Each structure stands twice: as structure tokens, then as C-alpha cells.
Amino acid sequence: MSKDISIGLLGLGVVGSGVIKIVEDHQEELVHQLGRGVKVEKVLVRDIEKARQVDIDHSLLTTNCEDVLQNPNIDVVVEVMGGVDVARNYILEALQAKKHVVTANKDLIALHGPELEETARLNGCDLLYEASVGGGIPLLRGLSDGLVSDRIQQVMGIVNGTTNYILTKMDQEGQSYEDALQKAQELGFAEADPTADVDGLDAARKMVILARLSFFTNVELEDVEVEGISNVSLSDIEYGKKLNLTMKLIGFANRHNNQIEVSVQPTFLSNNHPLAAVNDEYNAVYVNGEAVGETMFYGPGAGSLPTATAVMSDVVEALKNMLLGVNGKKFVKPRFQKELTPADKRFSQYYLRLHVKDEIGAFASISELFNQLGISFERILQTPASKGFAEIVVVTHKTSFENFQNAMKKLDELQVIDTIESYFRVEGDA
């Protein structure tokens, strides 16, 4: 092994530039940890002449992937290029060439993680992906190492900074969804095409990874029920304030009797829930373990240096494993057959907003319908009638998702209902 340990990068965007900066600026810390230096050997880019966010010797840049993947001097390949198919092929080639791989690619790990882990295991290599969830938060290592002896019952959290920023602006400044999204794009928190963020797909991919790590079962993206934030209105957020509730896009991974539920949905949190106070682009994940009880991980969910810090923590782990001769030993092995929780076993409170005809007995007929299904109301708000209609907001006591869905179907058939404006899950004591 050479005196310095060499890494190769696939990609030199925001995160790749951060990795270069950390390698250069934290060399003393790396030498202290590893007993030797770390150097960047080669970096795959699309255009060598492009202006960069970081100063780098052009001789290190290449447009030929083989200069990284088959380079005999490179010990660890760091994939920070994004995308799925090309990145998957590069990582498979790197692993087959007996190179350890660190990636920040949550899309890839969510879709192809088990295949890549098996390839790494067969080749005695490390495959590490701390930066794929939670940016700079040491979340995956916390679950897989820190809580490894516990049985995780629930993981719920804010795992998308873009949507959290938008909802914070709507909540605190009264901005419309469209204005808050535009501001997020101007600040670089949201992409030009924000679909993956605002429709909940980015969060869903992260929840797949968290559920696999927490529950030792092969959760796939199609197992996740996903709803984004584009239908969240300022009216709902204002009603939420009156009810001491805060709107967040929450990813859920729950286990009960080895049945699991994984979902992403706009959710009203009680103001005393720890996640309710997590604002702007920050992420936080709340973990409930059978032995440890409640813990929470909090920090920046994205950004060049926070994400690069997580990438470099994986690089250091792979290099430490090399020095100890124990690479390729740590993998998430499925232990349980996947069994999804049926709708009649998933319990929650619900917020519901209705436009109702201003008629005598209108609310009584709604109340009777819910009573027949065994659903009771914890809170009720009603606005004065205007133009023949009143707006009613209720928060139910806990009921099953199946029961609540049945109530929605029956409500739709009631003559006194003009429109079902919105409904959301409620967590915490409303």
C-alpha cells in the first residue's frame, strides 16, 4: 500500500467540491485518524475546462471513467455524480475491481441497494452511504452502530429540507405555497424542477433506506405510500395554529408485531412534538427503540460541506477497515420476511376540513355518520356561515386508516356536504 491512501471521485459538483475541500483542509485530522495521508488521485468530470467551485489541478481531472474505476492506485471510489443507471454501472464495476465505494446517492441505494450490497459482499469490499440520508447528520451510523442492539419500533422524521423550508415560510410568514417554492428555488434549496421534493419522492427514497436499516427487511420504493405538499393550503396551516398543530412533511417507518408501515405525507404535529420545532432547510429524525426509548437526530439535511462531511466519514471508515483488514464484513442482511401493516391495523388521529350546507341538523348528520363508524371527535372548529355554507374543522380521536377511509367515502355521499376540502394525519397529543 502506498504511503498516502488514494481516492477517486465520480463527479465534481456541489458535494464533490466539498469532498476536495475537506481532504485539503482537514489533512492533519485525517493523518491523525489513519496514520497516513489521503489524496485525491483522479476525478471523473463531463467537461475538464468548466469553471469549478474549488481549485483543482487539471491533471487530476478526466472524462474517461476507466481512469477512476480501473486505476490500480485508487483504494476508494467516491460516487457523487447522481443519477441512477450510469452510477449503478460504475459502482458495480468499481466493486468488481475490488475497490471500496462510498456514495451519497439515495435514489440509487433506495432502488438498487440490496444488489449493490451483495456485489460488495462477494468482492470483499465496503459499500457505505451515510450521506444518502440526512446530509451531515450521522443518522445511518447511529441506527446501524449506535442502536444496533435495540429493536427499533418507529422512525419518523423530516428528511427533505426543501419541503420543510416551504412549509416553514407558509407557517411563519403566511407565504403562499407558490411564493415559498419560488423563494426556495432562488436560494438554491429547491431544484428548477422541484417535483421529486414537493411530491414526496425524495423523502420516500430516504425512508426506504431508513426502514431497511431499522427493520432488517427488504423494503422497496413501491411499498411506500407517498403524498406531497402541493395540496397544503394556508387555510389549513392557519386552522392548525388555532389547534396548536404545525404542518410538516413527515416520513414514517413503523413496526408492530413485525408488520411495517412506510409512508410519506403532510402531517399535523402537536406543537409539543420535538419535530414541530424543526424549521427551514433543517432535517430531524425521531427514533423510538424498545430499549433506548426516544432519541432524535438533528442537523443540516443538505449542502456542500455538511454532505461532504458525511461522505468523508465513510471514506475514513473504509480506510480504517483497510488498515485493519476487515473490509466487506458489515452489511444489512434481511432478517424478516416483509409484511406490510394492513389499513385496519394502522391507527392515527386525523384533521378534516369540510364545507357544509348551512342547514339545521347538518352537523348532527355528520356526527351521526362518524358515530356509526366508532370515530369520535377530539376538537371541533366552526366558522360562521357565509353564502349558505359553513366551514367545519374536526380532529378525530385515534382510529384506523381503514375506518377513516370508509368515513370519507360515506361523507362524500351526504347531502349536507358541499366539499371535503382537506384531511391530514395528526401525530402527538392534539
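## A tour of the chain, from fold to cores

Among contacts between residues at least 6 apart in sequence, 73% join residues at least 24 apart. Keep in mind while you look around that this is a predicted model.

**Whole chain.** Start with everything selected and colour by secondary structure: the chain holds 14 helices and 17 strands. Show the C-alpha trace and turn the view along its principal axes, where the trace spans about 85 × 45 × 35 Å. The radius of gyration is 24 Å, which agrees with the value near 22 Å expected for a compact globule of 430 residues.

**Surface.** Switch on the surface next. The chain exposes about 19100 Å², and carbon and sulfur atoms supply 47% of that area. Then select the charged side chains: there are 40 positive and 62 negative charges, and the mean positions of the two sets lie 4 Å apart.

**Inside.** Hide the surface. Of the 430 residues in the chain, 54% are buried. In soluble globular proteins, nonpolar side chains tend to be buried together. Select Ile166, Leu210 and Tyr351: within the largest nonpolar core, which has 75 residues, these three touch the most other members. Now add helix H10, residues 201-215, which gives 9 residues to this core, the most of any contributor.

**Around Leu210.** Centre on Leu210 and display its contacts. Beyond its neighbours within four places in sequence, Leu210 is in contact with Val133, Leu139, Leu140, Leu143, Val155 and Val159.

**A second core.** Finally, select Leu61, Val102, Ala310 and Val316. These residues are among the 34 of another core, which lies apart from the largest one.

Conventions
Residues are numbered from 1 along each chain as its sequence is written. This is a predicted model: local features need pLDDT of at least 70, side-chain atom pairs count only at pLDDT 80 or more; totals for chains, interfaces and linings use all residues. Side-chain values use heavy atoms; hydrogens and water are left out. A nonpolar core is a set of buried Ala, Val, Leu, Ile, Met, Phe, Trp, Tyr and Cys residues joined through side-chain atoms within 4.5 Å. Buried means under 20% relative accessible area, exposed over 50%, partly exposed in between (1.4 Å probe, protein chains only). Helices (H or I, at least four residues) and strands (E, at least two) are DSSP runs, numbered from the N terminus. Contact means heavy atoms within 4.5 Å. The radius of gyration is taken over C-alpha atoms; the globule rule is 2.2 Å times the number of residues to the power 0.38. Accessible areas come from the Shrake-Rupley method with a 1.4 Å probe; for residues, only the protein chains shown count as cover. Lys and Arg count as positive and Asp and Glu as negative; His and the chain ends are not counted. The place of a charge is taken as NZ of Lys, CZ of Arg, CG of Asp or CD of Glu.
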